[in-house]
Amino acid sequence: GKGNMDEYAMGSSNENSAFKPVHNPWDADRVPGGSSGGPAAAVAAGLVPFSLGSDTGGSIRQPASLCGVVGLKPTYGLVSRYGLIAFASSLDQIGPFTRTVGDAALVMNAITGQDPHDSTSIAVTTSDYTIGLNDGVAGLRIGVVPEYFGEGIDPEVAHVTMAAIAQLESLGAQVDWDVPLPNSRAALAVYYVIAPSECSANLARYDGVKFGYSDPDEANLWQALESTRETGFGTEVKRRIMMGTYALSSGYYDAYYKKAQQVRTLIREEFDRAFQRVDVLITPTSPTVAFKIGEKVADPVVMHASDVCTVPANIAGIPGISIPCGFVDGLPVGLQMLGPAMSEATLFRAAHAYEQSTDWHLQHPSL
């Protein structure tokens with residue numbers, strides 16, 4: 001089956017879909033998150049036991065949070081991207097939506113491994129991610145990032161997330177309540193330079209010849225190219241292509257794209273230092289619960305801020321998982337766990353321990 005999602009994975013609410021918005025199963029007047037809103041909503045509604053999404057800046061974890069399901073963004077390169085239409089090649093990653101952490105581990109067993117069709121896939125021996133699920137969190141070092149609980153985060157979402165951290169502590173985890181990541185504040189700005197730049201290059205192949213909108217009445221190549229760029233892309237896609245083309249243009253490359261890559265290195269190094277202190281970092285997944293359809297779509301800056309908690313993991317190439325941890329006004333809240341590269345087994349272990357000590361994953365929308 002096909003899941004409805006934001007066009008070319010560009011969006012945080014599924015309102016940029018060519019097939020009209022997906023509705024959140026918990027409240028049909030609200031968005032399911034994006035860009036992989038359809039796959040998340042399908043699992044939340046019980047239509048399928050699992051689905052796959054693409055995560056470039058949070059497009060698995062954010063809709064998982066808003067729909068009250070489990071969503072995993074694996075380490076960059078752990079899952080083949082062959083068959084995925086490229087948005088931002090250095091950020092994109094495929095991962096599962098499920099109702100439980102155990103199901104996510106099973107899906108990962110099936111989809112990880114090196115693929116000769118994807119040069120970025122990692123040559124590793126695929127583990128059985130179900131091993132160690134029941135090992136608990138006793139002795140596990142968990143860090144809380146203060147930057148993820150400040151400005152822009154709904155206080156009620158922060159409160160629910162803090163309660164989940166306290167639950168993990170009661171299960172035996174060692175919690176460090178102050179693991180600062182100051183450079184993470186720049187991650188959203190870095191993302192909105194790197195991602196549009198890479199999409200500008202990737203979507204240049206849509207020229208009306210081999211890829212893209214094709215009209216048999218076009219007289220020549222230039223008309224076909226113009227029709228593809230005008231008719232074949234939606235508003236948000238055009239906006240990001242133009243942003244990326246500008247950032248890569250002569251005279252601006254060093255000021256924008258090169259600088260963003262330098263800050264990206266700082267963010268990666270900051271995460272490396274943090275993971276010398278702790279095994280897992282905890283944050284809210286989304287700064288808010290699901291918002292009303294149409295509420296933010298007219299303001300791209302406000303919409304982009306929906307990914308403030310998830311983007312840093314893509315910038316650093318590390319894995320992250322979102323699991324249900326409570327409700328605010330009857331709408332699901334997601335808890336995000338981040339780990340160093342290739343630490344999926346640890347994330348599953350911690351997430352499963354929390355999940356089994358609560359009943360949030362057993363609560364489903366009434367349909």
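## A buried threonine, two cores and the helices around them

T310 is buried, and its relative accessible area is 0%. This residue belongs to a predicted model. T310 sits in the loop that links α9 (300-304) to α10 (311-316). Its side chain reaches the backbone oxygen of G57 at 2.7 Å. Setting aside residues up to four places away in sequence, T310 touches G57, G58, R61, Q62, T285 and Q336.

### The nonpolar cores

How many residues does the largest nonpolar core have? It has 81. The residues with the most contacts inside this core are L168, F271, L281, I321, I323, M337 and F348. Helix α5, residues 187-202, gives the most to this core: nine residues. There is also a second, separate core of ten residues, which includes V22, A41, C67 and F97.

M337 shows how one core residue is surrounded. Neighbours within four places in sequence are left aside here. M337 is then in contact with L168, V280, L281, I282, P319, G320, I321, I323, L347, A350 and A351. Of these partners, L168, L281, I321 and I323 are also named among the residues with the most contacts in the largest core.

### Helices that meet

Helix α5 also packs against helix α7, residues 235-248. Their axes come within 7 Å and cross at roughly 100°. An angle from 65 to 115 degrees counts as roughly perpendicular, and α5 and α7 are therefore roughly perpendicular to each other. On the α5 side, the meeting residues are Y191, Y192, V193, P196, S197, C199 and S200. On the α7 side, they are R240, I241, M243, G244, T245, A247 and L248.

A second pair is α3 and α11. Their axes come within 9 Å and cross at roughly 155°. That makes α3 roughly antiparallel to α11, since angles over 145 degrees count that way. In α3, residues V101, G102, A104, A105 and M108 take part. They meet E344, F348, A351, H352 and E355 in α11.

### H352 and D135

H352 lies in helix α11, residues 344-356. Is H352 buried or exposed? At 11% relative accessibility, H352 counts as buried. Apart from neighbours within four places in sequence, H352 is in contact with V101, G102, L133 and N134. V101 and G102 belong to α3.

D135 is found in the loop between α3 (101-111) and β4 (141-144). D135 is exposed, with a relative accessible area of 58%. Along the chain, D135 and H352 are 217 residues apart. Their C-alpha atoms are separated by 9.2 Å.

### The faces of α6

Helix α6 runs over residues 221-231. Which residues of α6 are buried? They are A224, S227 and T228. Seen down the helix axis, these buried residues fall within an arc of 100°, so they line one face of α6. On the other side, W222, E226 and E230 are exposed. N220 caps the N-terminal end of α6. A side-chain oxygen of N220 lies 3.1 Å from the backbone nitrogen of W222.

### Backbone exceptions

Most residues other than glycine have a negative phi, and most peptide bonds are trans. Three places in this model depart from that pattern: N14, M342 and the bond from G34 to S35.

| Place | Backbone angle |
|---|---|
| N14 | phi of about 70° |
| M342 | phi near 70° |
| G34 to S35 | omega near 5° |

N14 has a positive phi although it is not a glycine. Its place is in the segment before α1. At 0% relative accessibility, N14 counts as buried.

M342 also has a positive phi and is a residue other than glycine. M342 lies in the loop between β8 (331-338) and α11. With 38% relative accessibility, M342 counts as partly exposed.

The peptide bond from G34 to S35 is cis. S35 is placed in the segment before α1 (37-44).

How values were computed. Residues numbered from 1 in each chain as written. Predicted model: local features only at pLDDT ≥ 70, side-chain atom pairs only at ≥ 80, totals over all residues. Heavy atoms only, no water. Buried < 20%, exposed > 50% of the residue type's maximum accessible area, 1.4 Å probe, protein only. Helix = DSSP H or I, 4+ residues; strand = E, 2+ residues; numbered from the N terminus. Arc of directions from axis to C-beta. Polar contact = N/O pair within 3.5 Å; in protein donor to acceptor, adjacent residues only side chain to side chain. Core = buried A, V, L, I, M, F, W, Y, C linked by side-chain atoms within 4.5 Å. Contact = heavy atoms within 4.5 Å. Axes fitted to C-alpha atoms, helices over the stretch in contact; angles between N-to-C directions. Parallel < 35°, antiparallel > 145°, perpendicular 65-115°, else oblique.
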